[in-house]
Amino acid sequence: MNRFLLASLLVFATSFAGDRKQLPGQAGNDALDLEANIILGHDEITNAIGADIGEGYVVAHVKVMPKGDKPLRVGPDDFTMISRKDGQRSTAMAPSEIAGKGALIVKRGDGDGGKSSWGAAGIGAGLGSSPGTVQRDVIKGTQIDDKAKEGPALAALTAKVLPDKETKAPIEGLLYFSISGKLKPKDLAIQYKGEGGKLIMEFEAVKK
């Protein structure tokens with residue numbers, strides 16, 4: 001009787017373990033697996049890219065591993081970063097939005113969902129929040145100035161960015177997000193929404 005009870009408990013525990021919460025920085029389904037790590041801090045981001053892009057950014061190193069027999073379309077547009085701390089959201093930015101010609105068009109709103117205002121931030125400039133408020137910055141597009149010069153970081157950003165392509169093989173690269181403030185990896189999440197479905201990668205440490 002005791003042996004039967006022990007065996008039943010082991011089966012239950014194994015079944016439960018298979019449904020346990022996914023590991024930080026990982027997510028997957030039948031179509032693909034994702035792995036990512038967050039890069040924070042000006043010096044760490046500069047080292048990862050190989051160029052200085054200024055303040056106000058968070059970078060993620062992402063690996064995408066398709067599972068199916070058919071090629072899967074994957075690219076930076078599939079990813080959005082969310083700050084669990086203050087509600088900021090940013091889709092992955094193209095290198096040209098950070099170090100190309102022109103300026104970002106930014107819509108800013110407070111944390112209460114009140115009135116929002118429009119402003120333009122120079123390429124490479126941080127998009128910070130004013131003291132005492134929660135700013136949710138949404139990139140709406142770019143304005144091109146034909147007389148402006150491309151930023152010196154453009155080549156490095158382009159070389160390191162996650163490719164936009166159809167693939168059956170694993171691919172990896174960097175994603176750039178306009179998220180500002182003092183943040184820790186546990187404050188952030190990355191949402192994937194593309195041909196492979198919809199997944200969320202959280203970065204909260206696993207509690208033992």
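**Close-up 1. Gly54 sits in the loop between helix H2 (42-49) and E3.** The model is predicted: local features need pLDDT of at least 70, side-chain atom pairs count only at pLDDT 80 or more, and totals for chains, interfaces and linings use all residues. Residues are numbered from 1 along each chain as its sequence is written, and side-chain values use heavy atoms, with hydrogens and water left out. Helices (H or I, at least four residues) and strands (E, at least two) are DSSP runs, numbered from the N terminus. Gly54 has a relative accessible area of 25%, so it counts as partly exposed. Buried means under 20% relative accessible area, exposed over 50%, and partly exposed in between (1.4 Å probe, protein chains only). The C-alpha atoms of Gly54 and His42 are 7.2 Å apart, with their positions 12 residues apart along the chain.

**Close-up 2. Four strands form an open sheet in the order E1-E2-E3-E11.** The pairing is antiparallel. Two strands pair if DSSP finds at least two bridges between them. Strand E1 (26-28) and E11 are the edge strands; each has a single partner strand, so one side of each lacks a neighbour in the sheet. On average, neighbouring strands are turned by 20° against each other, direction ignored. Axes for such angles are lines fitted to C-alpha atoms, for helices over the stretch in contact, and angles run from 0 to 180 degrees between N-to-C directions.

**Close-up 3. E3 pairs with both E2 and E11.** E2 and E3 run antiparallel over 8 bridges. Within this pairing, Leu34 has Val64 of E3 as its bridge partner. E3 and E11 are also antiparallel, over 7 bridges. Here Val58 is matched with Phe177 of E11. Burial is high in E11: 6 of its 7 residues are buried.

**Close-up 4. The largest nonpolar core holds 26 residues.** A nonpolar core is a set of buried Ala, Val, Leu, Ile, Met, Phe, Trp, Tyr and Cys residues joined through side-chain atoms within 4.5 Å. Leu34, Ile38, Val64, Phe79, Met81, Phe177 and Ile190 touch the most other members. Elements giving two or more residues include strand E2 (32-39), strand E3 (58-66), strand E5 (79-83), strand E11 (171-177) and strand E12 (188-194). A second, separate core has 17 residues, among them Ala51, Ile53, Ala156 and Val161.

**Close-up 5. Ile38 has contacts with residues beyond four places in sequence.** Contact means heavy atoms within 4.5 Å. The partners of Ile38 are Val58, Val59, Ala60, Met81, Pro185, Leu188, Ile190 and Phe203.

**Close-up 6. One aromatic pair is counted.** Rings of Phe, Tyr and Trp (its six-membered ring) pair if their centres lie within 6.5 Å; planes under 30 degrees apart count as stacked, over 60 as edge-to-face and the rest as tilted. Phe79 and Tyr192 form a tilted pair, 5.4 Å centre to centre and 55° between the planes. Phe79 lies in strand E5 and Tyr192 in strand E12, 113 residues apart. Phe79 is buried at 0% relative accessibility. Tyr192 is buried at 1%.

**Close-up 7. Thr167 lies in strand E10 (residues 165-167).** Thr167 is buried, with 8% relative accessibility. Its side chain reaches the backbone oxygen of Ala169 at 2.8 Å. Leaving out residues up to four places away in sequence, Thr167 touches Pro66, Pro71 and Leu72.

Methods: A polar contact is a pair of N or O atoms within 3.5 Å; within protein, one must be able to donate a hydrogen and the other to accept it, and residues adjacent in sequence count only if both atoms are side-chain atoms.
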